[in-house]
Amino acid sequence: MKVSVIGGGPAGSIAALNGVREHDVTLYEEHKKQPIQCAGLISKTGLMRLGIKLKKQHIKNTVYGAKIFSPSEESFLIEGKNPKAYVIDRGEFDQFLLDQATDKGATVINKRVKDLNGIDADRIILATGTNYQLQRKIGVNSPKRFLVGAQYEIDFSCDPRFVELHFNIPEFFSWIIPLKDRVRIGCCSNRNPVPYLDRFIKKLMSEGRIKNLRIHKKNFGIIPLHEPKLKTDYGKVVTVGDAAGQVKATTGGGVILGGLAATFTCRPDYERCWKSAIGKELNLHLRVHNIMANLSDQNKNRLFSLISCHKQILEEKGDMDIASKAVYGMFRNPAFTARFIYQLPYYLVDLVF
Ligand SMILES: Cc1cc2nc3c(=O)[nH]c(=O)nc-3n(C[C@H](O)[C@H](O)[C@H](O)COP(=O)(O)OP(=O)(O)OC[C@H]3O[C@@H](n4cnc5c(N)ncnc54)[C@H](O)[C@@H]3O)c2cc1C
């Protein structure tokens, strides 16, 4: 079958790479160098699930866990024995995936696709990220709810083995992702994130953690929230990756789960396949996001204090992509569940009223 992939980000390249084993694949990418809006944190297990072997030059740092800061700044460390994630150079990573698709036989055309006229294909895969113009033009549904992300790369010294997650924003969190001598510091919000990020940086300066503020790079982007009922399969045309909202609502990460969905894009039953592989996990990420976004700071403090007492469950079972391992792991622990049920009325006040 003739397959056309529109978009050469991770979802498009992985779709092309998988499709080219059996089909005649052409990929259209409008940029010579794909634009990057990413913190570049990718789980080790996710890469293994996708069968992607990174080269040394893609890895800017290796991460073993996370330090979580509650709204009241109480913190606890989730520390794995083995590497949990890599901080990558997304530009090089995207090019590496695109080159692999080309090496395996996909044809890459450097062109912006404005409509589907003239695309001669039995299957058209829209992997156009958060640029929804083409989807709107041809009447293909796109996500409706978004977070906005802002990120700076700055000089900063911290323990390079751990990312920091600061729950200092009502509907999301701020992150510090260590490179070797710099960090990517950023946050997401459902409104303009820049004032939140600037406030966070000011606070780190007042604490002496940032001595001289030198911003090397700035990066802004939108993150679609997953919509379980969004149609992604129109027969000849399918959507994948950010175009289909296949993003973890807890963290905004879309490379791994969008990539996993992309492996099914040439199947006749694409939507059934990707939903059975990752649909439940995406829904669980969304539920956790919706709960966290609605909890007051006081209740987030309460919940983090409870989780910190059982953090070994996260250390043993936590998986950055498969949320059910940590969530069900927690609720299978009788001590956690008993205290959670005791605290439930507090949480319900935020979630119901
Ligand atoms: C601030 C921020 C931080 C993030 N951090 C992380 C992170 O740490 N880890 C993670 O996993 N995810 C992260 N994400 C999300 C991640 O970047 C996306 O989920 C991921 O890039 C989605 O891949 P994609 O292939 O679907 O789309 P994209 O990577 O956006 O690729 C789409 C491609 O399509 C091309 N294109 C679009 N329209 C056309 C057209 N009409 N014709 C031809 N080409 C076209 C574009 O040029 C682009 O190259 C972050 C996002 C933001 C905003």
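# A tour from strand β1 to helix α11

Select S4 and you will find it standing opposite T26 in β2. The model you are looking at is predicted.

**The strand pair.** Extend the selection to residues 2-6, which form strand β1, and to residues 24-29, which form strand β2. These two strands pair in the parallel sense, over five bridges.

**The sheet.** Now add β8, β9 and β15 to the selection, giving an open sheet of five strands. Read across in order, the sheet runs β8-β2-β1-β9-β15, and the pairing is parallel. To see the edges, colour residues 107-110 (β8) and 237-239 (β15); each of these strands pairs on one side only. From one strand to the next, the twist averages 20°.

**The ligand shell.** Centre the view on the ligand and show its surroundings, a set of 43 residues. Which residues are closest to the ligand? They are G9, G129, G221, G241 and G254. Next, highlight the elements that each give two or more residues to this shell: α1 (10-19), β2, β3 (41-43), β10 (146-155), β14 (215-224) and α6 (255-262). Coloured by class, the shell shows 17 nonpolar, 22 polar and four charged residues.

**Helices α6 and α7.** Keep α6 from the shell and select residues 270-294, helix α7. The axes of α6 and α7 are 9 Å apart, and the helices pack at an angle of about 160°. An angle over 145° counts as roughly antiparallel, so α6 is roughly antiparallel to α7. Their crossing is left-handed. For the contact, show L257, L260 and A261 on the α6 side, then W274, A277, I278 and L282 on the α7 side. How many nonpolar, polar and charged residues does the contact of α6 with α7 have? There are seven nonpolar residues, with no polar and no charged ones.

**Helices α8 and α11.** Move on to residues 297-309 (helix α8) and residues 334-352 (helix α11). The axes of α8 and α11 come within 10 Å and cross at roughly 170°. Therefore α8 is roughly antiparallel to α11. Display N299, R302 and L306 in α8 as sticks. Across from them in α11, the residues to show are F336, R339, F340, Q343, Y346, Y347 and D350. Here the class colouring gives five nonpolar, two polar and three charged residues for the contact of α8 with α11. For a last view, put this contact beside that of α6 with α7, which has no polar and no charged residues.

Key
Residues numbered from 1 in each chain as written. Predicted model: local features only at pLDDT ≥ 70, side-chain atom pairs only at ≥ 80, totals over all residues. Pairing = 2+ DSSP bridges. Helix = DSSP H or I, 4+ residues; strand = E, 2+ residues; numbered from the N terminus. Axes fitted to C-alpha atoms, helices over the stretch in contact; angles between N-to-C directions. Near = placed C-beta within 6 Å. Nonpolar A, V, L, I, M, F, W, Y, C, P; charged D, E, K, R; others polar. Parallel < 35°, antiparallel > 145°, perpendicular 65-115°, else oblique. Contact = placed C-beta atoms within 7 Å. Left-handed = near helix turned anticlockwise from the far one by under 90°.
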